[in-house]
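Grab a pencil and work through these exercises with the structure open beside you. Try each task yourself before you read its solution.

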Amino acid sequence: MIINSFKATFCAVLIFTITGCAQLPSRESIQPSYAISADTPSTIGEAVGSNHPGLSGFYPLVDGVDAFVARLALIDSAEHTIDVQYYLYHRQQTTILFTAFLLKAAERGVRVRLLLDDLSQADSELDLAALAVHPNVEVRLFNPFPNRRFRALGFITNYSQLSRRMHNKSFIVDNRIFITGGRNIGNAYFSAEDHSEFIDLDVMSVGDIVPEASDAFDLYWNHTLSYPVQNLHGERDEQSLIEITKTLENYVADNQQSNYVEQLRESAFVNRLLNDEIEFDWQESTLFYDHPDKVMNDVDEKSANMSPSLFKKMGEPKRKAIIVSPYFIPREQGTQLLTSWVKKGVDVTVLTNSLAATDVSAVHAGYKKYRADLVRGGVKLWELKPSDLVAIKRKAGRKVTGSSQASLHAKTMTFDDEKIFVGTMNLDPRSLDLNTEMGVLIDSEKLSGFLAHWVDKKMPEYAWKVELKSPDDDELIWLDTISNHQFDEEPQTSSWRRFQVWFISLFPIEDEL
């Protein structure tokens, strides 16, 4: 007993020593910076210039290759500033290419500000600090872990804040063009992997909404939780910048003949963008974003949360509601709301990931207990198949090998074919209450109709419809409405996977999902 007590005490002292001594550096030397004026002359800005006072122009980026090409082309066209804000910034092919283009822009005098959530940057911290040596590049990490060696231990002393992350995605060039939506920076988001791909959606925006997006970026950039990467890791020298510049240049040169780079070159989107052939949909819109204080506030404090204002602005649908959310946990309140709409005559459709398609089993464990009540209440519930995407990619003219499975990652919803929200927010507790999010609500029949058409005409090919086996119980069936095949268990999953989800569902962790 004495030995066990000594061990417990020793472990407690060790953890306290490791975590308690770690603290973030002073912010006294950190200088604020802000977006340039939206009136600053810009070639790309003039090319997509607005003759629509009070409106903004929007163009959906559905295809992953096009979404990446758009970013690279805009970086190449930047003359003054590039502001980049992402949750994930993977060490992968697309990220290396993206970073190389950013550095090339900095070399020609463009100011680059790169703001990343700190959660996944442990392996990239040295490279990011080396980039920040460049006089035109600034890199900041949001909500950083005080202990840089033993990050996970930070959860012990400050779980309530460090478990809450910046989930925003924002890409702004010359304060004239803005892209937001579901995509992070990584291969799966831009159709650069053969074995997996996210079905995602971004929207490229011009006009009045862009300066608002820049204001949101500045708010996060200058927030008390944003730290220059060199302050966290220590100063790098000029040699480190020379080395990473050479590494990036060599990587780009070595990959000129790669399958993916060839797809980028062959993309028709580049020519359309450079020749000003993109037809923007000019509409009224509202940009929504959480205040960064959200990650520091008590969960019950909603003053920094965007969701109440968003839902108030959207109102209640009168005829139709389409909700696409890869991580969908409606909770009792949301379930009651959706089924109440059905009772009022609204056609409610929800698309989310199936267990076979999801990349987060814990979220599925939180979601599955609401399915029966949703279906019984008249909600049309669909779950994405982990479809083999090879045929789809080849149909689009891509060269692929092996097999590829899809996972839903787009976050969007539309009411009455009149207004559509595109952003980073899932309909789950983590997005609504914990992480910071952003998105744009667009009064667009065109974009709403685009989503509605896909749901009506294409979705049955890519998703199973969930129905009750019997009105008298909660047992579910999954229907392939194309082949009329019926599944009595979660399709394309093993008994072990289903057991894992059941076991996770026993724990009271829904509010953290």
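**Exercise 1. Find the partner of I322, then work out how its strand is placed.**

Step 1. Start from I322: its bridge partner is T414, which belongs to β16. Keep in mind that you're looking at a predicted model.

Step 2. Now zoom out to the strands. β12 and β16 pair in the antiparallel sense, and four bridges hold that pairing.

Step 3. Look for another neighbour of β16. Strand β17, residues 419-423, also runs antiparallel to β16 and is joined to it by four bridges. Here M413 stands opposite F421.

Step 4. Check how the chain gets from β16 to β17. The two form a hairpin with three residues between them, and D416 in the turn has a positive phi of about 55 degrees.

Step 5. Finally, are the faces of β16 covered or not? Both are covered: T412 and T414 on one side are buried, and so are M413 and F415 on the other.

**Exercise 2. Decide how the buried residues of α13 are arranged around the helix.**

Step 1. Get the dimensions. α13 covers residues 331-343, which makes 13 residues, and its first and last C-alpha atoms are 19 Å apart, close to the expected 18 Å.

Step 2. List what's buried: G334, T335, L338, T339, W341 and V342.

Step 3. Look down the axis of α13. The buried residues fall within an arc of 150 degrees, so they line one face of the helix.

Step 4. Link that to the helix rule. An α-helix has 3.6 residues a turn, so residues three or four places apart point the same way.

Step 5. Turn to the face pointing away from the buried side. There you'll meet the exposed residues Q333, Q336 and K343.

Step 6. What do the buried residues of α13 pack against? They pack against β12 (320-324), β13 (347-353), α15 (371-376) and β16 (412-415). So β16 from Exercise 1 turns up again.

Step 7. See what follows the helix: α13 is followed by G345, with a positive phi near 95 degrees.

**Exercise 3. Say whether S325 is buried or exposed, and describe its surroundings.**

Step 1. Locate S325: it sits in the loop between β12 and α13.

Step 2. Apply the cut-off. Buried means under 20% relative accessible area. S325 has 1% relative accessibility, so it counts as buried.

Step 3. Look for a polar partner. A polar atom of the S325 side chain lies 2.9 Å from the backbone oxygen of Y327.

Step 4. Leave aside neighbours within four places in sequence, and S325 is in contact with L351, T352, L408, A410, N426 and L427.

**Exercise 4. Do the same for N168.**

Step 1. Find N168 in the loop between α6 (154-162) and β5 (170-173).

Step 2. With 1% relative accessibility, N168 counts as buried.

Step 3. Its side chain makes a polar contact with the side chain of Y220, at 3.5 Å.

Step 4. Beyond neighbours within four places in sequence, the contacts of N168 include Q85, Y86 and Y87, as well as T424 and T436.

**Exercise 5. Trace the nine-stranded sheet.**

Step 1. Write the order: β9-β4-β3-β2-β5-β6-β8-β1-β10, an open sheet with mixed pairing.

Step 2. Which strands are at the edges? They are β9 (226-228) and β10 (281-283), each pairing on one side only.

Step 3. Add the twist, which averages 20 degrees from one strand to the next.

Step 4. Pick one pair inside the order: β2 (residues 81-86) and β3 (residues 111-117) pair in the parallel sense over six bridges. In this pair, T81 stands opposite R111.

Terms used:
Residues are numbered from 1 along each chain as its sequence is written. This is a predicted model: local features need pLDDT of at least 70, side-chain atom pairs count only at pLDDT 80 or more; totals for chains, interfaces and linings use all residues. Side-chain values use heavy atoms; hydrogens and water are left out. The expected span of a helix is 1.5 Å times one less than its number of residues. Buried means under 20% relative accessible area, exposed over 50%, partly exposed in between (1.4 Å probe, protein chains only). The arc is that of the directions from the helix axis to the C-beta atoms. Contact means heavy atoms within 4.5 Å. Two strands pair if DSSP finds at least two bridges between them. Axes are lines fitted to C-alpha atoms, for helices over the stretch in contact, and angles run from 0 to 180 degrees between N-to-C directions. A polar contact is a pair of N or O atoms within 3.5 Å; within protein, one must be able to donate a hydrogen and the other to accept it, and residues adjacent in sequence count only if both atoms are side-chain atoms.
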